[in-house]
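This report covers strand pairing, the nonpolar core and the main pocket. Have the model open while reading.

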Amino acid sequence: MEHDQINATIDANNAAVAAGDMDAILATFEPNGALVGEPGMLAKGTSALRDTFSQFIGMSPQISVTNHEIIQADDIALHSSTWKMSGKAPDGSEFEQTGFSVVVLRKQPDGRWLMVIDNPFGNHLVQSSPHEG
């Protein structure tokens with residue numbers, strides 16, 4: 001049952017992003033939630049989330065989870081998934097991307113699960129070349 005509720009939060013976020021519904025996007029996050037907008041860039045809190053998602057929804061992204069796993073410990077859950085996204089780049093050309101997402105969620109006192117940290121670039125470390133020092 002809890003896994004269904006956790007997935008419902010992820011699905012609601014993806015649907016809200018696709019619809020460009022900012023209020024619905026923000027409703028899937030805790031007020032101090034954080035999003036990795038790109039590797040190395042963290043948007044934390046409602047205002048920063050709004051700014052980051054405003055830029056992102058301009059690409060008309062359609063996101064689908066291709067595989068996922070949930071690990072739950074009491075009121076904290078880790079949702080890991082592979083995803084596919086298509087949309088339109090700023091120049092109007094169509095694009096398709098895939099990736100690995102890591103999301104930390106927390107169960108709220110009212111029973112809802114909300115995102116605390118959303119990192120859609122969870123695979124960037126394995127894709128980066130090693131640094132020489």
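Two strands count as paired if DSSP finds at least two bridges between them. The model discussed here is predicted.

**Strand pairing**

In this model, β4 and β5 run antiparallel and are joined by 13 bridges. One residue pair marks this pairing: Lys88 has Glu94 of β5 as its bridge partner. β5 also runs antiparallel to β6, with 6 bridges joining the two strands. Here Lys107 stands opposite Trp113 of β6. Both pairings are hairpins, and a glycine with positive phi is given for each. The table sets them side by side.

| Hairpin | Residues between strands | Glycine | Phi |
|---|---|---|---|
| β4 and β5 | 5 residues | Gly92 | positive, near 95 degrees |
| β5 and β6 | 5 residues | Gly111 | positive, about 95 degrees |

**Nonpolar core**

Which residues touch the most other members of the largest nonpolar core? They are Ile6, Ile25, Phe29, Leu49, Phe53, Leu105 and Met115, out of 18 residues in this core. Two or more residues come from each of α1, α2 (22-26), β1, α3, β5 and β6. α1 supplies the largest share, 4 residues.

Phe29 shows how the core is knit together in sequence-distant contacts. Setting aside neighbours within four places in sequence, Phe29 contacts Asn13, Ala34, Leu49, Phe53, Leu114, Met115 and Asp118. Leu49, Phe53 and Met115 are themselves among the core residues that touch the most other members.

Thr28 sits in the loop between α2 and β1. Is Thr28 buried or exposed? Its relative accessibility is 5%, so Thr28 counts as buried, the cut-off being under 20%. Beyond residues up to four places away in sequence, Thr28 touches Thr9, Ala12, Asn13, Leu114 and Met115. Asn13, Leu114 and Met115 also appear among the contacts of Phe29.

**Largest pocket**

The largest pocket holds about 570 Å³ of space. Its lining has 27 residues, and those closest to the centre are Leu35, Gly37, Phe56, Pro120 and Phe121. Elements that give two or more lining residues are α1 (2-19), β1 (29-38), α3 (46-57), β3 (62-73), β4 (76-88), β5 (94-107) and β6 (113-119). α3 gives the most, with 5 residues.

What is the make-up of the lining by class? There are 15 nonpolar, 9 polar and 3 charged residues. For setting up calculations on this site, note that glycine is counted as polar here.

Key: Residues numbered from 1 in each chain as written. Predicted model: local features only at pLDDT ≥ 70, side-chain atom pairs only at ≥ 80, totals over all residues. Heavy atoms only, no water. 1 Å grid on protein atoms, 1.4 Å probe; cavity = no way out; pocket = protein on both sides within 12 Å on 5 of 7 lines; lining within 4 Å. Points joined across faces, edges and corners; volume = space filled by probe spheres on them. Core = buried A, V, L, I, M, F, W, Y, C linked by side-chain atoms within 4.5 Å. Buried < 20%, exposed > 50% of the residue type's maximum accessible area, 1.4 Å probe, protein only. Contact = heavy atoms within 4.5 Å.
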